[in-house]
Amino acid sequence: MKNKFLILRNCIAIIFISFFMTSEKTSAQNNNNRKWWKEAVVYQIYPRSFKDTDGDGVGDLKGIIEKLDYIKSLGVDVVWLNPVFGSPNDDNGYDISDYQGIMKEFGTMKDFDALLKGMHEKKIKMVLDLVVNHSSDEHKWFQESKKSRTNPYRNYYHWWDAEKGKPAPRVSFFDVNGDGWKYDSLTNSYYLHYFSNKQPDLNWENPKLRSEIFNMMKFWFNKGVDGFRMDVIPFISKDTTFPVITKKELDEKYHGAWDYFYGHGPRVHEYLKQMNKEVLSKYDVMTVAEGAGTTSDDAELFVGEDRHELNMLYHFEGVSLGYLPGQFKQMDPKGYSLVEFKKIYSKWDSVFAKKGWGTIYLGNHDQPRMLTRWGNDAPKFREASSKLLTTFLLTMRATPYYYFGDELGMSNIKFDNIEDYRDIETLNYYKKLQNENGDLNYFLQGQKIGARDNGRTPFQWDDSKNAGFTNGHPWLKVNPNYKKLNAAAQEKDPNSTLNYFRKMVRLRKALPELVYGKYELLDKDNDKVYAYTRTLDKKKVLVLLNFSTSRSKFEIPKQTGSLNVLMNNVASLSVKNNTVTMEPYQALIVRLQ
Ligand code: NOJ
């Protein structure tokens, strides 16, 4: 009897201890790997469209300096600036002609230094864009490279001697003919360009080129810059024998997608490891890859801590949802499926649950406005759906990348005419279609939702001329809704989307479970409500997002006490016996007991 009692006592003790140890492990796991960039909220600024101070219609660095108090008031920790370097602007700065100089329209190096200092004084970190898959054709390296086959810079780029015949086809994303090779008669050779023919691809095989890039990165880090967002970084390595890729091979090995092929070059990880060893590891900085051509199967190779490459990566699976397959940014008339949306974001959460760290975004300079694309820009739903999307971005286990203007609920401008567009992607695709006698009207309709310029219209500061963005003629039209929808008006309204964003940032900072907590999806097949919990140690919150235009019911797990609502984006709350009846686009954050 005594023995039996002892066995039972020991069993209970073992169960108790192992329970205690597992819960300890969970909390240690979550907190051991704490990093400032995991806890940060990143605010992306497209400098061209933020604030113009010299009246040329283009935003500038002084404009960002002028608005530092506003940026600080948002509570964000990091600002990512799209390229600010010397550029002829074929692709708005993603064609760099001077990596260590500032774009003339944006100002001078003195302005840059003042901006960096101003940001650091306010405890805001600065992340720049690293665009090193390609340069501008106006960069001195390329100017030299094209001069002769024996020029010392020849191997800074990928050339193909024409006497060998035409090189195997490569697709260009921006070329009017879709051709990734451009013939240059001066040396009777072709050069490679995955983007426009003014963006020749750099040759990373050449150690000299790599060392130039690493030195350039050190130049910015030594100034005090806090990190880089790396443009199409998975594309940097190429098989320089340029083999023929048949349609069959593309379909079977590369999901039928050129970007996937480009994202799987033979030496990409070797280059990133070298970059990490020689540069990144020497500074306390953050890095985020634009994960073009990567999937959830290979993302960890870029960001797993044990890989010693980069910190984070952003995927395209989410933002590609809802477009018709095989068509260029044409929305499915049925819209996107919320069930699929949940599946994608839940899968990506699980990718980084043990190793690496994720990012979350719904808008950026390559995307339309998140409100139009993922919420609902009809006047009736604008405010609630905009706040709902903000709630989603700030409650996921990933670093949020929040695009400037989304805090106001800015929406797509939806141009009717091709003449209004400025983006090379839209303009060249239009020309390509014209050459092919394609359906231009269908294309223009599609661009009202999908075009990048929708996300690039000037920031709406107030209701004065040009929304207070410029005294001159804006480089891209201002959305006419600025008269009502602007920052000044929203400052005065405690319930505005702007003030909601500020509250959500504060909430994320106050609750570590929103950053590090385990993510669990509830009711995965519910096609209206996206519901998930975030749990850290014994703290648990429930996030409920009604992604629909109708009232939707959701049953909350049984509560011991009264319902503790931490956030509600609408004025009402209807709960009966643990069932919430959610208003259209209502977002709730509830503490679970
Ligand atoms: C991705 C950038 O985000 C996009 O704006 C640019 O056009 C291409 N890369 C080419 O640099």
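**Entry 1: helix H5.** I started on the outside: the face of H5 turned away from its buried side carries Lys110, Lys117 and Glu121, which are exposed. A reminder to myself that this is a predicted model.

Next I looked up the other side, where Asp111, Phe112, Leu115, Leu116, Gly118 and Met119 are buried. These six cover an arc of only 165° around the axis, so they sit on the same side of H5. I remembered the general rule: an α-helix has 3.6 residues a turn, so residues three or four places apart point the same way.

What covers the buried residues of H5? I found helix H3 (61-66), helix H4 (68-74) and helix H7 (207-223) among the elements doing it, along with strands E2 (78-81), E4 (98-102) and E5 (125-130).

Then I checked the length. H5 has 13 residues (109-121), and at 1.5 Å a residue it should span 18 Å; its end C-alpha atoms are 18 Å apart, so that agrees.

**Entry 2: the ends of H5.** At the start, I saw a side-chain oxygen of Thr108 reach to within 3.3 Å of the backbone nitrogen of Lys110. After H5 comes Lys123, with a positive phi near 60°.

**Entry 3: positive phi elsewhere.** I noted Lys329, which isn't a glycine yet has a positive phi of about 45°. I found Lys329 in the loop between helix H12 (317-320) and helix H13 (338-351). Is Lys329 buried or exposed? Its relative accessibility is 15%, under the 20% cut-off, so Lys329 counts as buried.

Asn437, also not a glycine, has a positive phi near 55°. Asn437 lies in the loop between helix H16 (424-435) and helix H17 (440-450). At 73% relative accessibility, Asn437 is over the 50% cut-off, so I put it down as exposed.

Key: Residues are numbered from 1 along each chain as its sequence is written. This is a predicted model: local features need pLDDT of at least 70, side-chain atom pairs count only at pLDDT 80 or more; totals for chains, interfaces and linings use all residues. Side-chain values use heavy atoms; hydrogens and water are left out. Helices (H or I, at least four residues) and strands (E, at least two) are DSSP runs, numbered from the N terminus. The expected span of a helix is 1.5 Å times one less than its number of residues. Buried means under 20% relative accessible area, exposed over 50%, partly exposed in between (1.4 Å probe, protein chains only). The arc is that of the directions from the helix axis to the C-beta atoms. Contact means heavy atoms within 4.5 Å. A polar contact is a pair of N or O atoms within 3.5 Å; within protein, one must be able to donate a hydrogen and the other to accept it, and residues adjacent in sequence count only if both atoms are side-chain atoms.
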